[in-house]
Amino acid sequence: MMINNNTTVEICISNVTYDKLFHISSSIWHVFGFIGVLFGIPGHILQIIISFNKTSRKDPTSLYFIAMSIVDIVFLLGLFWLWCVNMSLIKTDPREFLSCGIFYSIIVGSTTLSHLYLASLATDRSIIVIYPTRYHLIVTRSHVILRILLITFIMILLSIPHQFYFHYEPRVTLFLCDFRSSLYHRKVRVWSFIHAILLVGIPTLIVCICSAILLHNRCKHKRTYKNNLSANARRMHRHSILLFVYSLGLFLSILPGCILEIFIVHDRLFYHNMHCSVRWKIYRILLNCFLTLSSINYSNKFYIHLTISTTFRNGFIQLITCKSNQKSTKSITMKEGNNNEQYLLSPLNQTKTIDI
């Protein structure tokens, strides 16, 4: 395989082991990429519709679910476009049609916004446990809208420079885009650390910590009321375990991608003649794995929410059956007290529950 690198021509010697692993990783990415789009986009559309219904829209944090569904749909559409180009179903590459800077901003920006929205949602939910009496004063619709707009505005500002230092070369570009040769290297390295650590790694870690706070609260409640736990309290305990396992899995699946991004940026800047090296070949395999995990991570939020939240599940049943069960909705509203869909409030001196 011939690869042009400025004025030099490099001959890549084929390696049977690498070719086999790369073929396997590509096949897995092709399968799970299509499955992620097939199930993810309809799920996110249903998430938006249910979040707008009469019961769910009363909860300020339902706005987070709407925002996350929108950006996840954007990411999955971009991923599907790349998938179609890779499968030769479409000839026009989005990086050539939109420009690589714009496409990079859309793909990376949407995933980053999803992480930041999820971290903000998890923080709001942990307030139920830490400051239960002040929750309604801290988490309001206006505060949530302001936070979503602020996060979105900051990400748009951070994405503007991408138009000036990214380009696409089919035979050289490893992942989404490549850096211009005239670019000041320190700027790229700083951005890679900001994106990988501050905008992806830390928000995902916050989600994991907030889920651990909820699980600790549930375990403490279970020990205190060991002989008096209701069926609903036991169900909420199981759901808190599921939520913690999911958030931990999300963190562990995204963390390798963050580390990989830093290494690729470093090697691409300082080792220009490594397109045929063993490390570069390993990067191509790992990137296929990263795309596979991404297609799973950004397509399953609807199904996780459907599994955990009884209120959301009832809204889904009402939607698909085209019925408005007012009696059931009223009962759920009285039971939850403050229409909270995610977490369980349980100080040691009370047994009031809120659906996860």
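**A nonpolar patch, unpaired cysteines and helix α10**

Helix α1 (residues 16–51) supplies the largest share of the nonpolar patch, 9 residues. This is a predicted model, where local features need pLDDT of at least 70, side-chain atom pairs count only at pLDDT 80 or more, and totals for chains, interfaces and linings use all residues. Residues are numbered from 1 along each chain as its sequence is written, and side-chain values use heavy atoms, with hydrogens and water left out.

**Surface patch**
- Together, Leu21, Ile24, Ile28, Val31, Phe32, Phe34, Ile35, Leu38, Phe39, Ile296 and Tyr303 offer about 910 Å² of accessible area as a nonpolar surface patch.
- Patch members have over 30% relative accessible area and no salt bridge (a side-chain nitrogen of Lys or Arg within 4 Å of a carboxyl oxygen of Asp or Glu); like charges are joined within 9 Å, nonpolar side chains (Val, Leu, Ile, Met, Phe, Trp, Tyr) within 5 Å.
- Areas come from the Shrake-Rupley method with a 1.4 Å probe, and for residues only the protein chains shown count as cover.
- Phenylalanine 32 sits in helix α1 and is partly exposed at 36% relative accessible area (buried is under 20%, exposed over 50%, partly exposed in between; 1.4 Å probe, protein chains only).

**Cysteines**
- The structure has 0 disulfides (pairs of cysteine sulfur atoms within 2.5 Å).
- Cysteine 208 is buried, at 9% relative accessible area, and its sulfur lies 9.5 Å from the closest cysteine sulfur, that of cysteine 210, too far for a bond.
- Cysteine 219 is partly exposed at 27%.

**Helix α10**
- Helices here are DSSP runs (H or I, at least four residues), numbered from the N terminus.
- The 20 residues of helix α10 (residues 278–297) should span 28 Å at 1.5 Å a residue, and the end C-alpha atoms are 29 Å apart, which agrees; the expected span is 1.5 Å times one less than the number of residues.
- Buried residues in α10 include Trp280, Tyr283, Leu287 and Leu291.

Conventions. Helices (H or I, at least four residues) and strands (E, at least two) are DSSP runs, numbered from the N terminus.
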